[in-house]
Amino acid sequence: MSTLISRERWNVEASEIARNTHNPIRSIIESLVVEPNPAKSVIALSIGDPTTFGNLKPPKEAIDAVQESLLSQSYNGYAPSTGYQMAKEAVADYSSSEFVDVDPKDVILCSGCSCALDLCITALARRDQNILIPRPGFSIYRTLAEGLGITVKSYELRPEFGWEIDLNDLESQIDESTAAIIINNPSNPCGSVFSRNHTLDILDVAARYYVPIIADEIYEHMVFPGRTFHSLASLSNEVPILSCSGLTKRFLVPGWRMGWIIIHDRQNILNKENHSKVAYNCITKVPGLKPIMPDGAMYMMVHIDLSCFPEFNSDLEFVQRLLMEESVFCLPGQCFDYPSYMRLVITVPTDMLEEACQRIREFCERHHYKTAEHTRRNSFFDGEISC
């Protein structure tokens, strides 16, 4: 029989993410108490939705394509997590140019550009890190990051120079904890389009400090005559760039929630930190432990062969001693109703993960009965330990 918990009243608290999530635009708008002039109809110049007044319609080709897809009855089920291959190929073709060739495998389909930004921030930054965002800038960057407990630092845009980035200020904001720079070009709210030279200068700062870029380029095809848009990825072979865009603005269908991330990583920098492989390759060599290779999330379960560690009666005792001796804290399998295992979080920086795995190995070599005995015998014959 399960133990009953005595509760005398409702006590449902908001989560930490909910408490930290704040949308400045909505907060300001909802606080307005001014009523418009009743003698004049309201003209809203505040909503960034091109469909609001009905004067801008999506192209017939887009409508026909959606109708055909719907009537085919072929896409009513769950899609692959990164999108249908045919759709990824279409985005890759749409996003390629003479300066950049997009491979479909580097395309991730998302629920709108906002979802794409959310995924990028979540993938690159941790709670103890910061991201850099433009000021003035779209409020969603701050909303998404602070909700996750990630610090936000602003770099200044310069209105006297057509809202170019103050590169000195940008550089001054970068520190050891900076996980990414968000660059919004063309800009919301400024409407600016960076020149080729200025874009190259931005990339130079990112390259010198080894900081990846999240490029919000949703307005990439909305550029006025006389100006030319240069995507960040088209001008760099060095800086890893996660480019976010979608159908929303160009095709006038924000409600369709179709966005994507394109991974531009020609130097394979992002793949170098494949934490699951790092952890698995390290732990698989440790006596008495057997890691189970993960395929997703941010964890790896490791089996502890307790018969190899006679000092310990349980996974709990194992992880307690590991913490005491090596200051490496893992959760015992008992936390998940699965004894004789421990769970590792694999999203820490590579150097820390490698250090943790080395400590785990040294711990196991000391306590594994065969390894420890072998070490004692060698030490005896080397004259390091006497009877």
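## Cysteines, aromatic pairs and one helix

The structure, which is a predicted model, holds 0 disulfides. Cys-330 is in no disulfide, and the nearest cysteine sulfur, which belongs to Cys-357, is 8.7 Å away. With a relative accessibility of 4%, Cys-330 counts as buried. Cys-357 is likewise in no disulfide, although here the nearest cysteine sulfur, that of Cys-282, is 4.3 Å away. Because a disulfide requires sulfur atoms within 2.5 Å, this pair does not count as one. Cys-357 is buried, since its relative accessible area is 3%.

The aromatic rings come next. A pair of aromatic rings is described by the distance of the centres and the angle of the planes. The count for this model comes to 9 aromatic pairs. One of them is formed by Tyr-94 and Phe-251, whose rings are 6.0 Å apart from centre to centre, with 45° between the planes, and this pair is tilted. Tyr-94 belongs to helix α4 (residues 85-95), whereas Phe-251 sits in the loop between β7 (241-246) and β8 (259-264), and the pair thereby links distant parts of the chain, 157 residues apart.

Another pair is made by Phe-318 and Phe-363, whose ring centres are 5.2 Å apart and whose planes stand at 90°, so this pair is edge-to-face. Phe-318 lies in helix α11 (residues 315-326) and Phe-363 in helix α12 (residues 350-367), so the pair ties together parts that are 45 residues apart in sequence. Ring pairs also link Phe-309, Phe-312, Phe-318 and Phe-363 into a cluster.

The table lists the accessibility of the four residues in the two pairs described above.

| Residue | Relative accessibility | Class |
|---|---|---|
| Tyr-94 | 23% | partly exposed |
| Phe-251 | 24% | partly exposed |
| Phe-318 | 0% | buried |
| Phe-363 | 0% | buried |

Helix α4, in which Tyr-94 lies, can also be looked at residue by residue. Its buried residues are Lys-88, Val-91, Ala-92 and Ser-95. They cover an arc of only 100° around the axis, which puts them on the same side of α4. A general rule helps in reading such a pattern: an α-helix has 3.6 residues a turn, so residues three or four places apart point the same way. On the other side of α4, Met-86 and Asp-93 are exposed. The buried residues of α4, for their part, pack against β1 (107-110) and β8.

Terms used: Residues numbered from 1 in each chain as written. Predicted model: local features only at pLDDT ≥ 70, side-chain atom pairs only at ≥ 80, totals over all residues. Heavy atoms only, no water. Phe/Tyr/Trp six-rings, centres within 6.5 Å; stacked < 30°, edge-to-face > 60°. Helix = DSSP H or I, 4+ residues; strand = E, 2+ residues; numbered from the N terminus. Buried < 20%, exposed > 50% of the residue type's maximum accessible area, 1.4 Å probe, protein only. Arc of directions from axis to C-beta. Contact = heavy atoms within 4.5 Å.
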